[in-house]
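Colleague: I have a few quick things to ask about this model before I go back to the bench. Could you walk me through it?

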Amino acid sequence: MTPERLWMWAIALRRRDHRWLAKRVKQLNSFLYHNSLAAGGDISPDVYLGHHGLGTVVHDNVTIGRRVRIWQNVTLSVRAPAGSPHRIIIEDDVMIGANAVVITPFEQSLRIGRGASVGAGAVVTRDVPAGATVVGSPAQVVRQKAL
């Protein structure tokens, strides 16, 4: 079983109010693949976790679109409590490179636009426009493609 499937299973169980079982599936995923994928997220069924999501950490308030690729050791963190309206929204066809960190400003939301790429090791603290490639710490746009 892949970490993506376990993650989706935990999310489905939590939505059906089987919180205890959802937590156990999340713990199994963490044990097998050394990640922390919150069961409160809203993800597309075709999300791809490179290298089995090794070291990946995802907050509850994250929405992930279609065909998103997330490589190892990525952190997606919302600086607000789980269940708050503040979110990280990752639109369709986004790629997030290894060791990247996406963190919202305190009690705010952040959006990564459709077709954007986040370079390996980048630290994203602001919205990323659609089609942009960002790198560095703090992340800066280095290329913008027309969509």
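**Sheet, surface patch and ring pair**

Colleague: Let's start with the sheet; in what order do the four strands come?

Modeller: Bearing in mind that this is a predicted model, the four strands make an open sheet in the order 2-5-8-11, and their pairing is parallel.

Colleague: Which ones are the edge strands?

Modeller: The edges are strand 2, residues 42–43, and strand 11, residues 110–112, each of which pairs on one side only.

Colleague: And over how many bridges do strand 2 and strand 5 pair?

Modeller: Strand 2 pairs with strand 5, residues 62–64, over two bridges in the parallel sense, and the bridge partner of Ile43 in strand 5 is Ile64.

Colleague: Changing topic, which residues form the nonpolar patch on the surface?

Modeller: That patch is formed by Leu28, Phe31 and Leu32, which together have about 320 Å² of accessible area. Leu32 belongs to helix 2, residues 19–33, and counts as partly exposed because its relative accessibility is 43%, where the partly exposed class runs between 20% and 50%.

Colleague: What about aromatics, how many pairs does a search of the whole structure find?

Modeller: The search finds one aromatic pair; Tyr48 and Trp71 meet edge-to-face, at 5.6 Å centre to centre and with 75° between the planes.

Colleague: Where do Tyr48 and Trp71 lie?

Modeller: Tyr48 is in strand 3 (residues 48–49) and Trp71 in the loop between strand 6 (69–70) and strand 7 (75–77), so the pair ties together parts that are 23 residues apart in sequence.

Colleague: Is Tyr48 buried or exposed?

Modeller: Tyr48 is partly exposed, at 37% relative accessible area, and Trp71 is also partly exposed, at 26%.

Terms used
Residues numbered from 1 in each chain as written. Predicted model: local features only at pLDDT ≥ 70, side-chain atom pairs only at ≥ 80, totals over all residues. Heavy atoms only, no water. Pairing = 2+ DSSP bridges. Patch = residues over 30% accessible without salt bridge, like charges linked within 9 Å, V, L, I, M, F, W, Y side chains within 5 Å. Areas by Shrake-Rupley, 256 points an atom, 1.4 Å probe, with all protein chains shown as cover. Salt bridge = Lys/Arg side-chain N within 4 Å of Asp/Glu carboxyl O. Buried < 20%, exposed > 50% of the residue type's maximum accessible area, 1.4 Å probe, protein only. Phe/Tyr/Trp six-rings, centres within 6.5 Å; stacked < 30°, edge-to-face > 60°.
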